[in-house]
Amino acid sequence: MDNNREHWGSKIGFILAAAGSAIGLGNIWRFPYLVGENGGAAFIILYLLCVVLVGLPLVIAEILIGRTAQKNPVGSFRELSNHNPFWVGVGVLGVLTGLMIHSYYNVVAGWSLGYVVESARGSFQHIGDPEKAGILFDQLSASWTWSLFFSACFMMFTIGIIYFGVIQGIEKASKIMLPILFLLIILLVIRGVTLEGARAGICYLTKPDFSAINGKTALLAFGQVFFSLSLGMGALLTYGSYMTKNEKIVSSAVSVVVLNTSVSLLAGFMIFPPLLALGMKPAQGPSLIFNILPVMFNSIPGGYFFRIIFFLLLSMAALTSTISLLEVITAFVVDEFRLSRKKASVILGGIVFLLGVPSALSAGRLENFTILKLTFFQLVDFISANIFLPLGGIFIALFVGWFWGMKKAIPNLLEGSVALPGFIVTIWSILIRFVAPVLILLIFLNSLGII
Ligand code: TRP
């Protein structure tokens with residue numbers, strides 16, 4: 001093993017950092033608005049199925065590649081494939097996908113940071129209905145000075161942490177922030193489901209109407225599984241490369257997946273009961289949480305403070321995710337081009353910020369600039385989350401299941417967890433070799449209208 005490589009400081013270090021990467025805007029911002037646009041409970045069931053059949057087995061596979069090779073995504077594929085250019089290309093695709101995701105993710109993260117400041121200024125104090133909150137959101141996000149200012153600030157925080165080295169920073173930050181975020185969400189769920197008229201929202205989330213499901217919604221559910229688990233572009237692989245060989249991969253993966261899924265479900269129960277109780281439509285798109293949450297706090301005693309804390313925690317949850325995005329790119333450049341970590345993080349952070357500018361302007365000046373009926377922001381989101389991540393997922397499954405092969409994968413998986421029951425290994429091999437690649441392929445073909 002490479003003794004110079006930094007490793008997590010404690011056994012739970014990996015779980016916290018990976019859960020920190022997974023839990024973020026994907027759970028609280030993206031999941032609820034997708035549920036709202038794609039049929040509620042039916043979408044959730046589809047999502048959960050994808051998590052179990054495809055998400056979890058691939059999380060295990062990705063961590064396994066990283067822990068075995070102890071390198072960045074490109075270096076890991078190169079080493080384990082014996083310099084096969086195709087697989088090196090898969091690593092490169094991952095790094096590029098990370099760049100794309102980070103560029104628009106940083107914009108939304110900037111919005112949540114901006115909401116901390118607006119909450120503190122009392123901008124939402126007297127807003128009683130989500131429609132008015134929506135108008136304010138449109139004004140704020142359409143102002144390019146507002147959104148670029150906060151996305152620049154956010155990028156500086158991300159660079160700051162990567163600059164000073166990742167392990168202590170990420171571990172510590174996640175250890176403190178995740179539990180508080182969890183508690184606050186639970187508080188909001190309790191508030192939401194006890195509001196008068198909350199029943200409609202609870203039904204919306206629990207009574208499926210399967211007629212809402214088609215190839216497109218299935219693709220979106222898949223994309224969301226990958227996005228939310230930080231899967232398919234080498235983030236988990238990179239974090240796995242900081243793991244020592246006496247840590248258990250499967251149980252760590254299960255913990256991360258369970259934590260991440262519970263936060264998404266809780267976010268659903270936090271948003272929809274109050275939304276429907278206030279007579280709003282679920283299909284509001286990416287502005288959903290920014291319309292409903294500021295208002296909700298006005299119905300809670302001490303709402304002014306809770307609102308500030310909530311958006312602060314949301315920003316921090318986003319920060320533990322952006323760290324993982326920038327870390328992948330930085331690890332790649334540091335390993336492959338021998339640049340110093342400090343230089344690499346500043347240059348790459350700057351590039352990602354600039355790439356995000358058209359996404360930031362999509363809410364305002366570039367609102368009417370559309371490609372395939374999507375704004376620039378929506379286009380980058382769609383291509384990276386719904387095409388590149390699942391594509392990365394197929395490649396990871398094919399790599400571990402067929403190219404590198406189970407004969408090498410299984411002994412490496414068992415290192416550090418000899419007591420893993422045989423049937424779990426068998427189920428995992430079947431899911432990785434057959435179920436995951438076939439399902440992803442079917443969904444791709446279906447959404448392209450081929451089957
Ligand atoms: N999973 C994070 C979220 O839900 C976002 C994220 C961080 C991500 N790292 C990633 C998404 C890598 C895809 C790939 O907010």
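Reader: Where is the place of Lys408?
Author: Lys408 sits in helix α17, residues 406–414. Helices here are DSSP runs of H or I with at least four residues, strands are runs of E with at least two, and both are numbered from the N terminus. This is a predicted model, in which local features need pLDDT of at least 70, side-chain atom pairs count only at pLDDT 80 or more, and totals for chains, interfaces and linings use all residues. Residues are numbered from 1 along each chain as its sequence is written, and side-chain values use heavy atoms, with hydrogens and water left out.

Reader: Is Lys408 buried, partly exposed or exposed?
Author: Lys408 is partly exposed, because its relative accessible area is 49%. Buried means under 20%, exposed means over 50%, and partly exposed is in between, with a 1.4 Å probe and protein chains only.

Reader: What separates the C-alpha atoms of Lys408 and Phe182?
Author: 38 Å in space, and 226 residues along the chain.

Reader: Which helix holds Ile185, and is Ile185 buried or exposed?
Author: Ile185 belongs to helix α8, residues 167–193. Ile185 counts as buried because its relative accessibility is 1%. From Ile185 to Thr330 the C-alpha distance is 32 Å, with the two positions 145 residues apart in sequence.

Reader: Now the whole protein chain. How many helices and strands?
Author: The protein chain has 18 helices and two strands. Its C-alpha trace spans about 60 × 50 × 40 Å along the principal axes.

Reader: What is the radius of gyration, against a compact globule?
Author: The protein chain has 21 Å, which agrees with the value near 22 Å for a compact globule of 451 residues. The radius is taken over C-alpha atoms, and the globule rule is 2.2 Å times the number of residues to the power 0.38. Of the 451 residues, 58% count as buried.

Reader: Why is helix α1 largely enclosed?
Author: Ten of the twelve residues of α1 (residues 11–22) are buried, so the rest of the structure largely encloses that helix. Among the buried ones are Phe14, Leu16, Ser21 and Ala22.

Reader: On to the ligand. How many residues surround it, and which are closest?
Author: 17 residues surround the ligand, and the closest are Ala22, Gly26, Tyr105, Phe227 and Ser230. A residue is near a molecule if one of its heavy atoms lies within 4 Å of it.

Reader: Which polar backbone atoms does the ligand meet?
Author: A backbone N or O atom of Phe227 is 2.8 Å from a ligand nitrogen. A polar backbone atom of Leu25 is 3.1 Å from a ligand oxygen, and one of Ser21 is 3.2 Å from a ligand nitrogen.

Reader: What share of the ligand does the protein bury?
Author: The protein buries 100% of the 360 Å² that the ligand exposes when taken alone. Accessible areas come from the Shrake-Rupley method with a 1.4 Å probe, and for residues only the protein chains shown count as cover.

Reader: Different topic, backbone angles. What is phi for Gln70?
Author: About 55°, a positive value, although Gln70 is not a glycine. Most residues other than glycine have a negative phi. Gln70 is in the loop between α3 (41–69) and α4 (73–80), and counts as buried because its relative accessibility is 4%.

Reader: And where does His83 lie?
Author: His83 lies in the loop between α4 and α5 (85–121). Phi of His83 is positive, near 65°. At 58% relative accessibility, His83 counts as exposed.

Methods. A polar contact is a pair of N or O atoms within 3.5 Å; within protein, one must be able to donate a hydrogen and the other to accept it, and residues adjacent in sequence count only if both atoms are side-chain atoms.
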